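Subject: Handing over the structure, with notes

Dear colleague,

I am passing on the structure that we spoke about, together with my notes. Please look through it before reading on.

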Amino acid sequence: MKTLPLLTGLLAASIAFAVSAHTPYLAPSDFAPQPGATIALDAAFTETFLVPEVAFDGGEFAVIGPDGKRGAPDKVQLFKLRTVVEHTLAKTPGTWRFSTGPRLGARFRTWEVDGKRESSRDAEAKVPAGAKIVSDFQSLTLAETYVTAGAPDRAALAPRGKGLELVAIDHPNDLFVGERFAFVVQYDGKPLANQPVEITEAVWTSDRKPQVVKLTTDAQGKAAMELRQAGTWVALTRHRTPAPAGSGAPEYSNSYTLTFRVLAQ
């Protein structure tokens with residue numbers, strides 16, 4: 001049994017945070033390739049964007065073309081730290097959406113017994129008799145990004161209408177400093193009001209601290225980021241929901257990320 005006694009010191013608490021803090025991302029080698037180009041994408045979990053630490057495995061990688069049709073990328077190769085996707089675009093211009101597909105991950109449980117809290121991500125760990133369950137959920141993660149060859153269009157931006165997603169109002173491949181990036185956060189096609197969204201600058205080639213923008217959606221599920229800094233950014237939102245009957249845990253912790261780029265004027 002692998003348990004973490006939370007009140008035995010800061011070390012245990014920090015371990016528990018590190019385990020749960022890994023965030024998925026899907027990032028292309030080029031946000032604006034030429035029509036017909038072959039592009040590569042990295043899919044991984046990390047605590048620092050875009051430094052891969054754990055490969056995104058177990059997903060059903062997909063690509064949606066400018067015609068709105070969904071298919072599989074040409075090649076998906078799993079490595080230890082990252083999963084690499086390669087895909088050759090059609091020679092017609094337009095916007096392409098790449099997705100990891102949903103991935104069910106570890107089960108996280110926290111319980112309280114005799115005034116002390118313990119936490120485990122071991123599905124076989126036994127909860128002590130008489131313990132009070134504080135939380136019990138399984139992670140469900142999805143990461144997406146867009147690339148555009150030529151002029152941007154919008155067929156690939158159509159909402160999935162299933163699970164957690166960030167639906168772009170402004171095109172993610174047409175963002176410039178001084179403008180705004182507006183979007184809607186939805187779950188199963190319905191807007192999520194008062195939903196937190198954290199947007200983090202990717203600084204993997206630098207040792208400086210990334211900028212972080214924290215937003216909250218309005219009553220219609222809308223939010224907008226003021227674009228003040230050029231670069232690559234990763235938007236993250238999480239939402240807890242009841243898990244379907246027969247699932248490994250009573251709740252899912254849904255995580256969705258979108259990687260996008262902001263250009264200087």
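What follows is a short account of strand pairing, cores and salt bridges.

Please keep in mind that this is a predicted model, in which local features need pLDDT of at least 70 and side-chain atom pairs count only at pLDDT 80 or more, while totals for chains, interfaces and linings use all residues. Residues are numbered from 1 along each chain as its sequence is written, and side-chain values use heavy atoms, with hydrogens and water left out.

I begin with the strands. Helices (H or I, at least four residues) and strands (E, at least two) are DSSP runs numbered from the N terminus, and two strands pair if DSSP finds at least two bridges between them. Strand β16 (residues 196-201) runs antiparallel to strand β17 (residues 212-216), with five bridges joining them, and β16 is also joined by four bridges to strand β19 (residues 231-242), again antiparallel. Isoleucine 199 has a bridge partner in each of these: valine 213 in β17 and alanine 235 in β19.

Isoleucine 199 appears again in the largest nonpolar core, where it is among the residues with the most contacts, together with Leu166, Phe181, Phe183, Met225, Leu258 and Phe260. A nonpolar core here is a set of buried Ala, Val, Leu, Ile, Met, Phe, Trp, Tyr and Cys residues joined through side-chain atoms within 4.5 Å; buried means under 20% relative accessible area, exposed over 50%, and partly exposed in between, with a 1.4 Å probe and protein chains only. This core has 24 residues, and β12, β13 (164-168), β14, β16, β18, β19 and β20 (251-262) each supply at least two of them. Apart from it lies another core, of 15 residues, including Phe45, Phe61, Leu89 and Phe98.

Methionine 225, leaving aside neighbours within four places in sequence, is in contact (heavy atoms within 4.5 Å) with Glu179, Arg180, Phe181, Ile199, Val213, Leu215, Trp233 and Phe260. Serine 139, which has its place in strand β12 (residues 132-149), is buried at a relative accessible area of 14%; with the same neighbours left aside, that is, those within four places in sequence, serine 139 is in contact with Arg103, Leu104, Gly105, Ala106, Phe108 and Ser253.

Now to the charged pairs. A salt bridge is counted when a side-chain nitrogen of Lys or Arg is within 4 Å of a carboxyl oxygen of Asp or Glu, and by this rule the count comes to 12. In one of them, arginine 82 pairs with aspartate 42, the closest N and O atoms being 2.7 Å apart; arginine 82 sits in the loop between β7 (75-78) and β8 (83-88) and aspartate 42 in strand β3 (residues 38-46), so that the pair links distant parts of the chain, 40 residues apart. Arginine 82 is partly exposed, with a relative accessible area of 31%.

Arginine 103 forms a salt bridge with aspartate 57, the closest N and O atoms being 2.9 Å apart. Arginine 103 lies in strand β10 (residues 103-113) and aspartate 57 in the loop between β4 (54-55) and β5 (62-64), so the pair ties together parts that are 46 residues apart in sequence. Arginine 103 counts as buried at 18% relative accessibility, whereas aspartate 57, at 33%, counts as partly exposed.

With kind regards
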